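Got your viewer ready? Let's take a short walk through this one, a selection at a time.

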Amino acid sequence: MLFFGRLKEIVGHAEDSVDLPDGAPIEALFSHYGASHPELARFRASLVASRNQEFAAWTTPLHSGDEVAFLPPVSGG
Amino acid sequence: MTDSIQPDLLALVRDPIDQDALIQHVRAQEDGAVVTFDGCVRNHSQGRRTLYLDYEAYESMALGKIREIAEQIHEKFPVHLLAIAHRLGRLEIGETSVFIAVSSAHRPAAFEACRFAIDTLKRTVPIWKKEYFEDGAVWADGEIPPAPLETQTAKPAS
């Protein structure tokens, strides 16, 4: 799990790893962090998920070793 | 003319961007035009005076997305070469945060490709900026990248 921008400030670190049942969707991972950091839920509608450095649907099933991030609206340039 | 090799220069950097080096990289004798975009740090944002900016990126993914932009440009526009550099870390007012150079035989393709590059970068590349003001700091309003709504065919972790 990787966190960037304001999400990194909310959860307090940039990287984490989590054990989930094989095939659990990205949404379940978000719920996992939402339980310990309720402030995350406020941003849910503006976030997109990524799996292995590609944008991914929240329903995407996860497997061991996957790299996941919840990405805030991007503001490069 | 080669279409098998595209030695575009695509980079995330922490030091000041060497604009001349990027221009020289794309510029060749077969080109009739080089169009550049210089994205610079503005001293105000939504009516407040900005002191400096701090950029961070999901670096591996950001570079991958910049490479995708380059691939799309070569498919869409008859351009020769591209250089795209985005700077990360603390940037002062007036410094260049992103620089794009595009060369082509004729100017329309270079203009259109340069515009496409910056517009797509701002919408799809995972880079974030924090704006520092005299009375605090905020993460800049950004754009929500287009992401699939349905599960895609799973690729194994690499």
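How many helices and strands does the secondary structure of chain B come to? There are 3 helices and 9 strands, where helices are DSSP runs of H or I with at least four residues and strands are E runs of at least two, numbered from the N terminus. Before you click further: this is a predicted model, with local features needing pLDDT of at least 70, side-chain atom pairs counted only at pLDDT 80 or more, and totals for chains, interfaces and linings using all residues. Residues are numbered from 1 along each chain as its sequence is written, while chains are lettered from A and ligands numbered from 1 in the order in which they are written.

Color chain B from its N terminus and you'll read β-α-β-β-β-α-β-β-β-α-β-β.

Now select residues 59–76 of chain B, helix 2. Its 18 residues should span 26 Å at 1.5 Å a residue (times one less than the residue count), and its end C-alpha atoms are indeed 26 Å apart. Show its buried residues (20 or more other C-beta atoms within 10 Å of their own, C-beta atoms being placed from the backbone): Met61(B), Ala62(B), Lys65(B), Ile66(B), Ile69(B), Ala70(B) and Ile73(B). An α-helix has 3.6 residues a turn, so residues three or four places apart point the same way.

What do those buried residues pack against? Among their partners are helix 3 (107–124) of chain B and, across the chains, strand 1 of chain A.

Select that strand next: strand 1 (48–51) of chain A gives 3 residues, the largest share of the side of chain A that touches chain B. Overall, 28 residues of chain A are in contact (C-beta atoms, placed from the backbone, within 7 Å) with 34 of chain B.

How values were computed:
Two residues are in contact if their C-beta atoms, placed from the backbone, lie within 7 Å. A residue is buried if 20 or more other C-beta atoms lie within 10 Å of its own, exposed if 12 or fewer, and partly exposed in between; C-beta atoms are placed from the backbone.
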